[in-house]
Amino acid sequence: MNRDARILSGIQPTGKLHLGNYLGALKNWVALQDEFPHACYYCIVDLHAITAPYDPKELKTNVFDTALDFLAAGLDPDKAAIFIQSQVSEHSELAWLLNTITPIGMLERMTQYKDKKKKHVDHINAGLLNYPVLMAADILLYKATMVPVGDDQVQHLELTREIARKFNHSFGDVFPEPEPRLTRGARIMSLLAPDNKMSKSDTEKSYITLDEDPERIKNKLKKAVTDAGTSGELGPGAKNLLTIMEVVDPDAADRFAKDATEGQIRYSDLKMHLADKLGEYFAPFRERRRELAARPDTVWELLLDGTQQARRIASATFKEAKEKMGFI
Ligand code: AMP
Ligand code: TRP
């Protein structure tokens, strides 16, 4: 085991988390806090969230909802620091410094930027372009060596490595180059448009939140897009359902996959079985989340404590970087 491992990751507070967030990120985070206790930093990235149109009245609730999801999913404040990005001002400050060594061309080539530019035609702000620089600051401030994310973030991580190299080369060694850590089944697709990833910005019927009521899970899965099921080959929608099934009932996933190769898969059975198993799998989650929601003061205190832990590391690294750059 690498003794010097340091893990950092972040999720935007855009409301309740969905299955894609859990299987692509959060589940991995929980495993890592046990593998590397006291070396994990998990951040609610509210400064990233404001690069897309948002309602200021909802920001705080969304941060709280994300914290509830973190804790209910098993993140343990005794093992990992859970904190709010905007509360540690060094994130914005380091991002500014890193902006000055990041070529614009590289930012313009980021797939997520190009997608968002198309989606929010009336809201293409400089923050959207500089988003990956802030993400690099999030990671580098903690000298993270490992960053658990879904595969859509790998390109941003490559850029982070590039920025770290450039900084070290220009000003002297400060930042280690972080590695991505991907989860299996990392990319969960939309239930209604399975060529796209499951996303909070789509219609509610296309994703399942972690605290989704079992009846609603059933209704959403019923309407999930699949193919005819007779060709012996699985379409993207069916593949996605099997990927999810592998987590909640691996034996059933094997059985249905076998049926599929024989051209005998019945998608209505698959969907109903998956709905039951998902409902069961997340039952303890729903219960924990309800309990925590009833104790908001405790949740805010845990976040404050995490923020204080994060600040200690962030301020030391920031001081080091600033000095190397020649500031007083
Ligand atoms: P976001 O909500 O976009 O901030 O994403 C938070 C984390 O969840 C990131 O690590 C993403 O890579 C991951 N993620 C988001 N959507 C999906 C998805 N559909 N499948 C897998 N991972 C996802
Ligand atoms: N950009 C990430 C996403 O959309 C969120 C994020 C912000 C992040 N800062 C980070 C992820 C630092 C990992 C590390 O999913």
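**Exercise 1. Is K143 buried, partly exposed or exposed at 25% relative accessibility?**

Solution. Start with the cut-offs: buried means under 20% relative accessible area, exposed means over 50%, and partly exposed lies in between (1.4 Å probe, protein chains only). K143 has 25% relative accessibility, so K143 counts as partly exposed. Next, place the residue. K143 sits in the loop between α7 (126-140) and β4 (146-149). Helices (H or I, at least four residues) and strands (E, at least two) are DSSP runs, numbered from the N terminus. Last, check the backbone. The phi of K143 is near 45°, a positive value in a residue other than glycine. Most residues other than glycine have a negative phi.

Before going on, note the ground rules. This is a predicted model, in which local features need pLDDT of at least 70, side-chain atom pairs count only at pLDDT 80 or more, and totals for chains, interfaces and linings use all residues. Residues are numbered from 1 along each chain as its sequence is written, chains are lettered from A and ligands numbered from 1 in the order in which they are written, and side-chain values use heavy atoms, with hydrogens and water left out.

**Exercise 2. Describe the backbone and the exposure of H38.**

Solution. Take phi to begin with. H38 is not a glycine, yet its phi is positive, at about 65°. Now find its place. H38 belongs to the loop between α1 (19-35) and β2 (40-44). Then read the accessibility. The relative accessible area of H38 is 60%, so H38 is exposed.

**Exercise 3. Work out whether the overall size of the protein fits a compact globule.**

Solution. Begin with the rule. The radius of gyration is taken over C-alpha atoms, and the globule rule is 2.2 Å times the number of residues to the power 0.38. For 328 residues, a compact globule would have a radius of gyration near 20 Å. The protein has 21 Å, which agrees. Now add the dimensions. The C-alpha trace spans about 70 × 45 × 45 Å along its principal axes. Count the elements too: the protein has 14 helices and five strands. Of its 328 residues, 48% count as buried.

**Exercise 4. State how the contacts and charges of the protein are distributed.**

Solution. Contact means heavy atoms within 4.5 Å. Consider the contacts with a separation of 6 or more: residues 24 or more positions apart account for 77% of them. Turn to charge. Lys and Arg count as positive and Asp and Glu as negative, while His and the chain ends are not counted. The place of a charge is taken as NZ of Lys, CZ of Arg, CG of Asp or CD of Glu. The protein has 44 positive and 48 negative side chains. The centres of the two sets lie 2 Å apart.

**Exercise 5. Name the domains and say how many residues each gives to their contact.**

Solution. Domain bounds come from an automatic or database domain assignment. Domain 1 covers 7-187 + 295-324, and domain 2 covers 213-281. Their centres, taken over C-alpha atoms, are 33 Å apart. Domain 1 gives seven residues to the contact, and domain 2 gives seven residues.

**Exercise 6. Which residues touch N62, N28 and R161, leaving aside neighbours up to four places away in sequence?**

Solution. Go residue by residue.

- N62 lies in helix α3 (residues 56-72). Its relative accessibility is 16%, so N62 counts as buried. N62 touches P13, T14 and G15.
- N28 is part of helix α1. At 8% relative accessibility, N28 is buried. Its contacts are P148, R181, L182 and T183.
- R161 is found in helix α8 (residues 154-171). With a relative accessible area of 15%, R161 is buried. R161 is in contact with E177, P178 and E179.

**Exercise 7. Compare separation in sequence with separation in space for D305 and G235.**

Solution. Take D305, in helix α14 (residues 296-324). D305 is partly exposed, at 39% relative accessible area. D305 and F83 are 222 residues apart along the chain, and their C-alpha atoms are separated by 7.9 Å. Now take G235, in the loop between α9 (214-222) and α10 (236-248). G235 is buried, at 13% relative accessibility. G235 and D195 are 40 residues apart in sequence and 9.7 Å apart in space, C-alpha to C-alpha.
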